[in-house]
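Subject: Model handover

Hello,

I am passing the model below on to you. Please look it over first; my notes follow.

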2 protein chains.
Amino acid sequence: MSGHEKSRLLSSAVADQRLLQHKVKPTAMRVLVLEYLLTQQTAISLNDLEKGMQPADRITIYRTLKTFEQKGLVHLIDDGTGVHKYALCDDACGPAEHHDLHVHFYCNNCKETYCLSDSKIPEIALPDGFGFNEMNLVVKGHCDKCRS
Amino acid sequence: MSGHEKSRLLSSAVADQRLLQHKVKPTAMRVLVLEYLLTQQTAISLNDLEKGMQPADRITIYRTLKTFEQKGLVHLIDDGTGVHKYALCDDACGPAEHHDLHVHFYCNNCKETYCLSDSKIPEIALPDGFGFNEMNLVVKGHCDKCRS
DNA sequence: AATTTCATGCAATGCAATTGCATTGTTTCA
DNA sequence: TGAAACAATGCAATTGCATTGCATGAAATT
């Protein structure tokens, strides 16, 4: 390991830890992506991620996110805009299943997508014979910043 | 008006009525699309609509659906598959707003998308400062046909 | 050191939504 | 009625994004 590598690892011990916990090999790229995600308050698209951490290859980021998703670090959000958004999972998420059954909020004004971790999705009464597996609830409106 | 045209109009009085109610000029194309939609039990994609009523131009169907949506005849459903689905609205829908705050159900087995008109979306508690406008709730699982 | 496995980067593909433009049909109005 | 204005249609082309193929490079394992 080079000196540069070592110092990088030291400065990103948190990210490394998190990667290792989820059995993801902490490469430079992955640490960078994870660190960037850690700075975000809202979900982010591949495009914005690419812009924010240039120079970095779009496809590599894409595959990194896919790996993160499979290992339970990140969940993919479909907010209805047509473009995928990504956000860090709670610690409780693992490779087998995501525990992100929370509400997502899309602000029609600033176009940001929030994870409302505290707003749980209530029970829905389904017609007879229908069996529940997963669900996706997106609320749209104006966020706190855009209303004040 | 030709005899053929007249008989067509007579046989599709229901569709014509519905179009006129929503201030949509009942052209041949629009009547055909609406009649096809009336036969559907589940939401349908542009692709399937095109296949089902060939020969008909894909783009024209697309724009017809867009018109229907704007006039409150049809609502567009984002079921998370990435392709848009369309379904007829309740009579209560108008041009200004859609009253389709019902749950949509996607069957992971038969890939059909249902409008669960009777399952209303419950109140969601949002964080302070967040204002509600619209919402989209998609439940996924297995439908009644695929479980029996 | 050699082999294998994994990560990365670039190019290319695929799919669906959407737009531009020319043509045709329909309404309006003098 | 006839011409102008407008709306609907059809075809071609474009866009935007997700996704895959393939070749190179790095890392781990023996």
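The surface near DNA strand C has 6 nonpolar, 4 polar and 7 charged residues. Keep in mind that this is a predicted model. In total, 17 residues surround strand C. The closest are A:T27, A:M29, A:R30, A:R63 and B:Y62. Of the atoms of DNA strand C that come within 4 Å of the protein, 69% are accounted for by sugar and phosphate.

Both protein chains contribute here. From chain A, α3 (28-38) and α5 each supply at least two residues of the surface near DNA strand C. From chain B, α4 (46-52) and α5 do so. The most comes from α5(B), with 5 residues.

Some specific contacts to strand C:

- A:T27 has a polar side-chain atom 2.9 Å from a phosphate oxygen of DNA strand C.
- B:Y62 has a side-chain N or O atom 2.7 Å from a phosphate oxygen of DNA strand C.
- B:R63 goes to a base: a side-chain N or O atom is 2.9 Å from a base oxygen of DNA strand C.

Now the other DNA strand. By class, the surface near DNA strand D has 6 nonpolar, 4 polar and 7 charged residues. There are 17 residues around strand D. A:Y62, A:R63, B:T27, B:R30 and B:R63 come nearest. Sugar or phosphate makes up 68% of the atoms of DNA strand D within 4 Å of the protein, and the rest belong to bases.

Which helices supply at least two residues each of the surface near DNA strand D? In chain A they are α4 (46-52) and α5 (58-70). In chain B they are α3 (28-38) and α5 (58-70). The largest share, 5 residues, comes from α5(A).

Contacts to strand D:

- A:Y62 places a side-chain N or O atom 2.7 Å from a phosphate oxygen of DNA strand D.
- A:N47 places a side-chain N or O atom 3.3 Å from a phosphate oxygen of DNA strand D.
- A:R63 has a polar side-chain atom 2.9 Å from a base oxygen of DNA strand D.

Next, the protein interface. Chain A and chain B bury about 2,600 Å² between them. Carbon and sulfur atoms carry 60% of that area. The contact takes 31 residues from chain A and 31 residues from chain B. How many salt bridges cross the interface of chain A and chain B? The rule finds 0. Polar contacts are there, though: 14 residue pairs, both residues at pLDDT 80 or more.

On the side of chain A that touches chain B, the elements giving two or more residues are β4 (102-107), β5 (113-120), β6 (131-142) and α6 (144-147). β6(A) gives the most, with 12 residues. By class, this side of chain A has 16 nonpolar, 9 polar and 6 charged residues.

A strand pairing also links the two chains. β6(A) and β6(B), residues 131-142 of chain B, are joined by 11 bridges and run antiparallel. Within this pairing, A:V138 stands opposite B:N136.

Last, a sheet in chain B. Its 3 strands form an open sheet in the order β1-β3-β2, with antiparallel pairing. The edge strands are β1 (44-45) and β2 (74-77), and each pairs on one side only. Between β2(B) and β3(B), residues 85-88, there are 4 bridges. B:H75 has B:A87 of β3(B) as its bridge partner.

Best regards

How values were computed. Residues numbered from 1 in each chain as written. Chains lettered and ligands numbered in written order. Predicted model: local features only at pLDDT ≥ 70, side-chain atom pairs only at ≥ 80, totals over all residues. Heavy atoms only, no water. Pairing = 2+ DSSP bridges. Near = heavy atom within 4 Å. Polar contact = N/O pair within 3.5 Å; in protein donor to acceptor, adjacent residues only side chain to side chain. Nonpolar A, V, L, I, M, F, W, Y, C, P; charged D, E, K, R; others polar. Contact = heavy atoms within 4.5 Å. Buried area = accessible area lost by both parts, 1.4 Å probe. Salt bridge = Lys/Arg side-chain N within 4 Å of Asp/Glu carboxyl O.
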